[in-house]
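Here is a set of exercises to work through at your own pace. Try each task first, then compare your steps with the solution below it.

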Amino acid sequence: MTNHILIKNKIKNFNKKIKVASDKSISIRSILLASQAIGISKISNLLESEDVLNTLRTIKRLGINYKKSRNIYYIEGYGVNGFNITRNTQINAGNSGTLARLILGLLVKSKFKIKLIGDKSLSKRDFSRVIRPLRLFGANIKSKNNLLPIEIKGTQFLRPIKYNENIGSAQVKSCIIFSALNTPGITKINSKRSRNHTELMLKFLKYPIKIQNKGKNQIISVQGLNQFNAFNYNVPGDISSASFFIVLTLLSKKSQIIIENVNVNKSRMGIITILNKMGAGIKLRNKKVYNGEEIADLRIKSKKKLNSIICPSNLNSSAIDEFLIIFLVAAKAKGISKFKELGEMNKKESKRLDLAIKFLKLIGIKVNRYKNNVNIYGNPNLNLTGNFEMKNFLKDHRIFFLSCIAALTLGGKWKINNKDAINTSFPKFLKKLKYLGAKIN
Ligand code: S3P
């Protein structure tokens, strides 16, 4: 079966309203928290992508039942540490770093050893960032070189920890918060800022968690061994998925799009701040607050002129999954764009910083890299002819999406492999593009 697509034409002008895939971070967290709540939680608009389906399969393996009826997932929890774990359990996080890191936090009290595995990409990613704090709590962990497979066995003698989270990783922060739920006493995290969906959800569940600002950091205090009740949650759209349609519209001619019901949590808004600094003029409409999360419709219009940016590195964490597509805008902008300290990009589903630079060179853009800092020499007249093929990107969904948007806005004849990658986060991605008029074979 062929697993590639061909794009031979730019997209024609469009003027449409769309919805994008539901938020992946929130979908995964809502399932994991429902698995720890008392009673039956109801989650609607859950993202039905591979990362999220693997989360559902994982809680099932751990003894939590769920069913789907109409558009709602019903998940029956038995409280914190209410998993029913049997001997020789193996769980598979597939491609999902978020699932793998977060679930470990919920297993720190398990009676039996559990083996965690993942796909080829996840098996290359470093787990020392969570193994370290988990061991401080008292969990027993076996892993070779801090890579998957990992074996974890919990302990009845968990102790609360004080931890400096200085990567700015929401996965690490959330793993520690989840471990703290099982641990007596108060766990304190001095955390560099990162997406805060876990904290907001626990607050919404009235769990005793406290957040204090301390300079650029936050002190998060979690009081362990409290229970919370089942809940209802309606998952909003994912700004990371929206980002590809934002840039498609910006770089196309005479087009306009409204993307409805997108999560615009400040800790995720880096892309909007950055693109607006470049002159994108993205507008937020119908802003509202839902269970602590901010939601809005985004309105984007094509832009003939975009400027380069000197991107402040304090925006890095809030746009960490979006730099790939931001770089494409920088490639078309007037002037030299500068980005700093983006080493975390190389710790994602693929080595995204390395691949992004290769990609920019492939489309004829001059790039300078010094360590993890990148300068991109924009060319507003960039227009591609000739053939391009994308392969060997570890099936990274976001590299696939980037390639499609480049093909549809810059021209050239493109063969893009690993179409199945879209199932990780946005299974309807190609359908949405076709709805806007894209010709894709
Ligand atoms: C995520 C956090 C980010 C992000 C990932 C999803 C999350 O990773 O890149 O796609 O849901 O917590 P890090 O926490 O490792 O930066």
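## Exercise 1: A buried histidine

Leaving aside its neighbours within four places in sequence, His197 is in contact with Asp23, Ser25, Ile26, Arg29, Asn263, Asn265, Arg268 and Glu293. Keep in mind throughout that this is a predicted model.

**Task.** Find the element that holds His197, decide whether His197 is buried or exposed, and find the side chain with which the side chain of His197 makes a polar contact.

**Solution.**
- Step 1: Locate the residue. His197 belongs to helix α6, which covers residues 197-204.
- Step 2: Check the accessibility. A residue counts as buried when its relative accessible area is under 20%. The value for His197 is 0%, so His197 is buried.
- Step 3: Look for the polar partner. The side chain of Arg268 makes a polar contact with the side chain of His197, at 2.9 Å.

## Exercise 2: The surroundings of the ligand

**Task.** List the residues that surround the ligand, and say how they divide into nonpolar, polar and charged.

**Solution.**
- Step 1: Collect the shell. Around the ligand you find Ser25, Arg29, Thr98, Arg129, Ser169, Ala170, Gln171, Arg195, Ile320, Asp321 and Lys348.
- Step 2: Sort these residues by type. The shell has two nonpolar, four polar and five charged residues.
- Step 3: Look at single atoms. A polar side-chain atom of Arg29 is 2.6 Å from an oxygen atom of the ligand. For Ser169, a polar side-chain atom lies 2.8 Å from a ligand oxygen atom. Gln171 takes part with its backbone: a backbone N or O atom is 2.8 Å from an oxygen atom of the ligand.
- Step 4: Ask how much of the ligand is covered. On its own, the ligand has 380 Å² of accessible area, and the protein covers 95% of that area.
- Step 5: Name the elements that give two or more residues to the shell. They are α1 (24-34) and α5 (170-181).

## Exercise 3: Two domains

**Task.** Give the bounds of the domains, the separation of their centres and the number of residues in contact on each side.

**Solution.**
- Step 1: Read the bounds. Domain 1 consists of 4-22 + 236-435, while domain 2 runs over 24-234.
- Step 2: Compare the centres. Taken over C-alpha atoms, the centres of domain 1 and domain 2 are 29 Å apart.
- Step 3: Count the contacts. On the side of domain 1, 27 residues are in contact with 29 residues of domain 2.
- Step 4: Return to the ligand. Each of the two domains gives at least three residues to the shell around the ligand.

## Exercise 4: Backbone angles to look at twice

**Task.** Where is the cis peptide bond next to Pro149, and what is phi at Asn286 and at Asn392?

**Solution.**
- Step 1: Recall the usual pattern. Most peptide bonds are trans, and most residues other than glycine have a negative phi.
- Step 2: Find the cis bond. This bond joins Leu148 and Pro149, with omega at about -5 degrees. Pro149 sits in the loop between β8 (140-143) and β9 (150-153).
- Step 3: Turn to Asn286. Its phi is positive, near 50 degrees, and Asn286 lies in strand β16 (residues 283-290). With a relative accessible area of 54%, Asn286 is exposed.
- Step 4: Turn to Asn392. Here phi is positive too, at about 55 degrees, and Asn392 is found in the loop between β21 (384-390) and α11 (397-410). Its relative accessibility is 65%, so Asn392 counts as exposed.

## Exercise 5: Packing of a helix

**Task.** Which residues of helix α8 are buried, and against which elements do they pack?

**Solution.**
- Step 1: List the buried residues. In α8 (residues 270-277) they are Gly270, Ile271, Ile272, Ile274 and Leu275.
- Step 2: Identify the packing partners. The buried residues of α8 pack against α7 (239-251), β16, β17 (293-301) and α9 (323-332).
- Step 3: Look just past the helix. Just after α8, Gly279 has a positive phi of about 100 degrees.

## Exercise 6: An aspartate in a helix

**Task.** Is Asp51 buried or exposed, and which side chain makes a polar contact with the side chain of Asp51?

**Solution.**
- Step 1: Asp51 is part of helix α2 (residues 50-61).
- Step 2: Its relative accessible area is 1%, so Asp51 is buried.
- Step 3: The side chains of Asp51 and Lys24 make a polar contact at 3.0 Å.

Technical notes:
Residues are numbered from 1 along each chain as its sequence is written. This is a predicted model: local features need pLDDT of at least 70, side-chain atom pairs count only at pLDDT 80 or more; totals for chains, interfaces and linings use all residues. Side-chain values use heavy atoms; hydrogens and water are left out. A residue is near a molecule or strand if one of its heavy atoms lies within 4 Å of it. A polar contact is a pair of N or O atoms within 3.5 Å; within protein, one must be able to donate a hydrogen and the other to accept it, and residues adjacent in sequence count only if both atoms are side-chain atoms. Accessible areas come from the Shrake-Rupley method with a 1.4 Å probe; for residues, only the protein chains shown count as cover. Helices (H or I, at least four residues) and strands (E, at least two) are DSSP runs, numbered from the N terminus. Ala, Val, Leu, Ile, Met, Phe, Trp, Tyr, Cys and Pro count as nonpolar, Asp, Glu, Lys and Arg as charged, and the others, Gly among them, as polar. Domain bounds come from an automatic or database domain assignment. Buried means under 20% relative accessible area, exposed over 50%, partly exposed in between (1.4 Å probe, protein chains only). Contact means heavy atoms within 4.5 Å.
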